[in-house]
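Me: I am new to this structure and would like a close look at a single part of it. Please take me through that part in one connected answer.

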Amino acid sequence: MLVKTYGSAVYGVDAITITVEVNVMKGKNYFIVGLPDNAIKESLQRVESALKTNGFLMPRIKLLVNLAPANIRKSGSAFDLPIAIGILAASGQVKNVDALKKLLIMGELNLDGSILPVKGALPMAIQARKEQFKGFVVPKPNGYEAALVNTLSVYPVSHIRELVEFLDGKMEILALKSDPRHDFFSSQFDFDIDFRDVRGQQNIKRALEIAAAGAHNAILIGPPGSGKTMLAKRLPTILPPLNLQEALETTKIYSVAGKLPSGATLIARRPFRSPHHTISDMALVGGGGIPQPGEISLAHNGVLFLDELPEFKRTVLEVMRQPMEERKVNISRAKMTIDFPASFMLLASMNPCPCGFYNHPERECSCAPGAVQKYLNKISGPLLDRIDLHVEVTPVGFAELSSGNTEEPSELIRERVMCAGKKQAERFRDHPGIYANAQMDSGLLKKICVLNSAGTALLRTAMERLSLSARAFDRILKVSRTIADLACSDEIKTEHLAEAIQYRNLDRESWAG
């Protein structure tokens, strides 16, 4: 008897429906065809143990399993459950074969028949709804993740016997109900850290506020112990909250990567990823035989923090250049090309020199002549060109640390950032794909960042006297536009321009002289 069940395979952040055809016929041996990987080829051993342990029979004649379409590579152990149900139906042990036509089934089997969670349940559920399946059978830990998709009945199961009895009408499994909107909006601002925890450093807080308001990349340069990492970790607390579309995009990526915790629904807060400096190229941008998202995709709609930037391998930093411009990463293999979204805000930190005390107000730098420039040269010009704000961090003195002054909380800073964000949303409403000042191209820059005569004179003087490089020009204009937005000003004034100029420290030819 030939029976069809339906599963799903994830490629990138999208899913493709896979038809699992099972035929029991005369002959000997078991076969799985349709470009399965080793994990799928081994599934028959797991399936046989699960069936026999629970009192079902494994056919002793020829068994052929085909995964269609046969020209697409399939991988992983998530096809165990649809294969097992197909075998039971083809051998007459599941009576209600018609019910299988309306269900998508996914799950990995243990040898005792219990069902383990799978990666990518959310994109699978989205595809199931698109193809008008009536229900989606998922492992219990993936239930709430799949239930984010409305109008699709999600049936969470924890054991193969439950599913067999459900299909034959002997047991009722209630479709999971989820209210992701309530959970999403109620937990958007649940942060364990706050900017009020940071004593002093008002100029750094101001720079991070500007970065958050205009989606500008930033780098913090300062000696060890000056608070660079502490400040960076608090950046997500002042970013505008995710909207539902952004939350769904981010949740899909984490679902595909298998990083959603059990019972999770929509990701409510912007991601903050901080990989170690020993990370490989592939781990940062994504890859593998079946490509998986890397750190830059896991930081999509959030912050990628690279602590001790010069310690990262040069090749690792260079592979970020194209994704930073295009806000996606394209991974090509011989048989497939996959795009992962990568619209992130880069925040980096570094010491100013190998010893860490160049430009320190109290301690003397012990580095050899030329060591500072050599240290900075570890960061390529093209990468530095994509960083809008260069911020010097100085240590906080005892007086500030011991003062009882109340610092400004993240909530108040976030309100100003959101106000500036609304101005930008209105400004770029006719420009799809652009939502922040940092993303303006040269054409928009000329149209939007118009300077008056005083501003033009100030910028010319700054370029000449501070020996600013040519790459600083556009960045200064973009940052000054964001500063004007924070000040609720329609035009860029000289004070906005002057503040933007001070954030180009590494472009000064005399900085590491």
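How many bridges join strand 10 to strand 18, and in which sense do the two run?

Reply: Four bridges join strand 10 to strand 18 (residues 389-392), and the two run parallel. This is a predicted model, in which local features need pLDDT of at least 70 and side-chain atom pairs count only at pLDDT 80 or more, while totals for chains, interfaces and linings use all residues. Residues are numbered from 1 along each chain as its sequence is written, and side-chain values use heavy atoms, with hydrogens and water left out.

Strands here are DSSP runs of E with at least two residues, helices are runs of H or I with at least four, and both are numbered from the N terminus; the protein chain holds 22 helices and 18 strands. Two strands pair if DSSP finds at least two bridges between them. Besides strand 18, strand 10 also pairs with strand 17 (residues 345-350), again in the parallel sense and over four bridges. Within these pairings, Leu220 stands opposite Val391 in strand 18, whereas Ile221 stands opposite Met350 in strand 17.

In a regular strand the side chains alternate between the two faces of the sheet. In strand 10 (residues 218-221), Ala218 and Leu220 point one way and Ile219 and Ile221 the other way. All of these residues are buried, that is, under 20% relative accessible area with a 1.4 Å probe and protein chains only, where over 50% would be exposed and anything in between partly exposed. For the wider setting, buried residues make up 54% of the 513 residues in the protein chain.
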